[in-house]
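Reader: I would like to see how the labels in a structure description are earned. Please take me through some of them, with the rule beside each value.

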Amino acid sequence: MTGKIYDAVIVGARCAGAPTAMLLARKGYRVLAVDRESFPADTLSTHLVHPPGLAALRRWGLLDQVVATGCPPITTYSFDLGPFAISGSPAGEGLSGAYAPRRTVLDKILVDAAVRAGAEVRERFTVEDLVTDGDAVTGIRGHGGDGRTVEAYARVVIGADGAHSSVAKRVRPARYAEKPKLQCSYYTYWADLPMHGRFEAYMREDRAFAAWPTNDGLTVVICGLPMRDFAANRADIEGGYLATIARAPSFAERAASATRTARLVGTAVPNYFRVPYGPGWALVGDAGYLKDFMTAQGIQDAFLDAELCVEALDATFTGRRTFEAAMRDYQQARDARVMQLYEFTTELATLDPPPPQMQQVLARVAEHQDTMDGFARVNAGLTTPGAFFSDPRLTGVPEPAL
């Protein structure tokens with residue numbers, strides 16, 4: 001690989017990098033994707049894919065492979081707020097709901113698809129640095145399992161290596177709309193905890209937890225607490241996790257007959273946008289934009305980022321547009337798609353009880369099945385919060401007389 005020249009070198013080969021490599025390779029470009037892992041490999045993730053993400057998999061011809069893994073469909077989203085519950089369908093884009101495939105399953109499907117498309121994928125590869133020419137990035141320098149340092153050059157180096165992106169650290173893009181870490185969550189997997197096709201979320205004062213089914217008959221149960229309580233909770237993470245579940249006795253009773261199959265793992269993430277391009281480089285997925293996992297948007301954001309970025313790069317590589325113009329539009333399209341949900345998600349992630357006016361609005365949501373379905377679609381990223389909450393039935397503004 002030493003000295004080879006590509007159209008694109010992609011650092012990271014998971015949910016952002018592998019689709020980017022696949023889509024570029026399908027357009028006939030020379031692509032190298034590198035990753036520190038050897039797939040299949042697990043990673044911290046909610047691994048919930050809402051209908052917009054599934055629609056991308058369908059466009060790429062990969063959805064049937066995900067379904068064939070036996071991952072159960074999720075056709076109902078339920079939000080138990082204590083005094084009332086909102087239970088609706090997240091159906092949209094011709095799909096009846098969501099799936100939550102384990103990352104050991106999903107990422108392997110994506111990597112294999114990139115290879116079939118003609119991309120070169122180098123696993124167990126560590127990027128040591130970027131190769132530059134003045135201010136422009138021209139390639140990467142790193143080593144594989146044999147420890148030998150090699151370089152690869154490209155028209156663009158794409159950072160698809162997550163929140164701790166080595167590419168972003170090197171190019172230092174501007175950040176904006178930043179918010180701090182808002183909550184910390186811990187999760188594990190449970191056997192014999194049937195969900196019957198449901199995603200269930202429970203909000204109790206300043207705590208929340210959610211559960212949904214995944215591969216191998218397992219259920220993810222994730223519990224969150226505000227960052228202000230993080231330090232106090234560290235002394236007894238296990239006890240805090242179980243105490244959160246106990247705040248919803250009906251669910252706790254179901255969990256009592258289930259069996260935990262893995263250790264607790266936890267994380268907290270900051271919230272930000274990064275300018276996703278510069279001379280010779282681009283960012284996709286969490287490397288370019290990250291928000292709290294409260295609404296589990298990360299995978300579909302990575303998929304849709306990949307599509308937008310590839311279209312921009314194709315316009316550049318074919319000479320139809322300048323790199324600056326095409327990538328500026330990529331950034332604007334990304335931000336326009338996600339900004340409302342970013343604000344909605346970060347507001348939820350504070351875990352503060354809704355103010356009285358919002359409690360009244362949510363109670364109105366629970367009065368009609370179509371508004372409950374609409375709320376589910378907001379959480380699935382199908383409907384913007386602004387469009388949904390402008391419904392006169394929720395605002396209290398009467399419909400105009402005809």
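Author: What follows is a set of questions about labels, each answered by setting a value against a rule.

Author: This is a predicted model, in which local features need pLDDT of at least 70 and side-chain atom pairs count only at pLDDT 80 or more, while totals for chains, interfaces and linings use all residues. Residues are numbered from 1 along each chain as its sequence is written, and side-chain values use heavy atoms, with hydrogens and water left out.

Reader: What makes two rings an aromatic pair, and how many such pairs are there?

Author: Rings of Phe, Tyr and Trp (its six-membered ring) pair if their centres lie within 6.5 Å; planes under 30 degrees apart are stacked, over 60 edge-to-face, and the rest tilted. The count by this rule is 19 aromatic pairs.

Reader: Why is the pair of Tyr77 and Phe199 called tilted?

Author: Their ring centres are 5.2 Å apart and the planes meet at 50°, so the pair is tilted. Tyr77 belongs to strand β3 (residues 76-80) and Phe199 to strand β11 (residues 198-204), so the pair ties together parts 122 residues apart in sequence. Helices (H or I, at least four residues) and strands (E, at least two) are DSSP runs, numbered from the N terminus.

Reader: Which residues are linked into a cluster by ring pairs?

Author: The cluster consists of Tyr77, Phe79, Phe199, Trp212, Phe344, Phe375, Phe388 and Phe389.

Reader: How do you know whether Tyr77 and Phe199 are buried or exposed?

Author: Buried means under 20% relative accessible area, exposed over 50%, and partly exposed in between (1.4 Å probe, protein chains only). Tyr77 has 1% relative accessibility, so Tyr77 counts as buried. Phe199 has 10%, so Phe199 is buried too.

Reader: Why is β11 described as largely enclosed?

Author: Five of its seven residues are buried, so β11 is largely enclosed by the rest of the structure.

Reader: What makes β11 a partner of other strands, and in which sense does β11 pair with β3?

Author: Two strands pair if DSSP finds at least two bridges between them. β3 and β11 have five bridges and pair in the parallel sense, with Phe79 opposite Ala201. Five bridges also join β11 to strand β12 (residues 207-213), and these two run antiparallel. Arg204 has Arg207 of β12 as its bridge partner. β11 and β12 form a hairpin with two residues between them, and Glu205 in the turn has a positive phi of about 55°.

Reader: What is the order of strands in the open sheet that contains β16, and why are two of them edge strands?

Author: The order is β9-β16-β19, with antiparallel pairing. The edge strands are β9 (175-179) and β19 (289-290), as each pairs on one side only. β9 pairs with strand β16 (residues 271-274) over three bridges, and Arg175 has Arg274 as its bridge partner in β16.

Reader: How do you know that the charged end of Arg175 sits over a ring?

Author: The rule requires NZ of Lys or CZ of Arg within 6 Å of the ring centre and within 35 degrees of the ring normal. The charged end of Arg175 sits over the ring of Tyr272, 4.3 Å from its centre. Likewise, the charged end of Arg102 sits over the ring of Tyr189 at 4.0 Å from the centre.

Reader: What makes the link between Gly285 and Asp305 a polar contact?

Author: A polar contact is a pair of N or O atoms within 3.5 Å; within protein, one must be able to donate a hydrogen and the other to accept it, and residues adjacent in sequence count only if both atoms are side-chain atoms. The backbone nitrogen of Gly285 is 3.1 Å from a polar atom of the Asp305 side chain. Asp305 lies in helix α9 (residues 298-317) and, at 1% relative accessibility, is buried.

Reader: Where is Gln300, and is Gln300 buried or exposed?

Author: Gln300 is also found in helix α9, and its relative accessible area of 2% makes Gln300 buried. The backbone nitrogen of Gly53 lies 3.3 Å from a polar atom of the Gln300 side chain.

Reader: Why is Gly28 called exposed?

Author: Its relative accessible area is 60%, so Gly28 counts as exposed. Gly28 is in the loop between α1 (17-26) and β2 (31-34).
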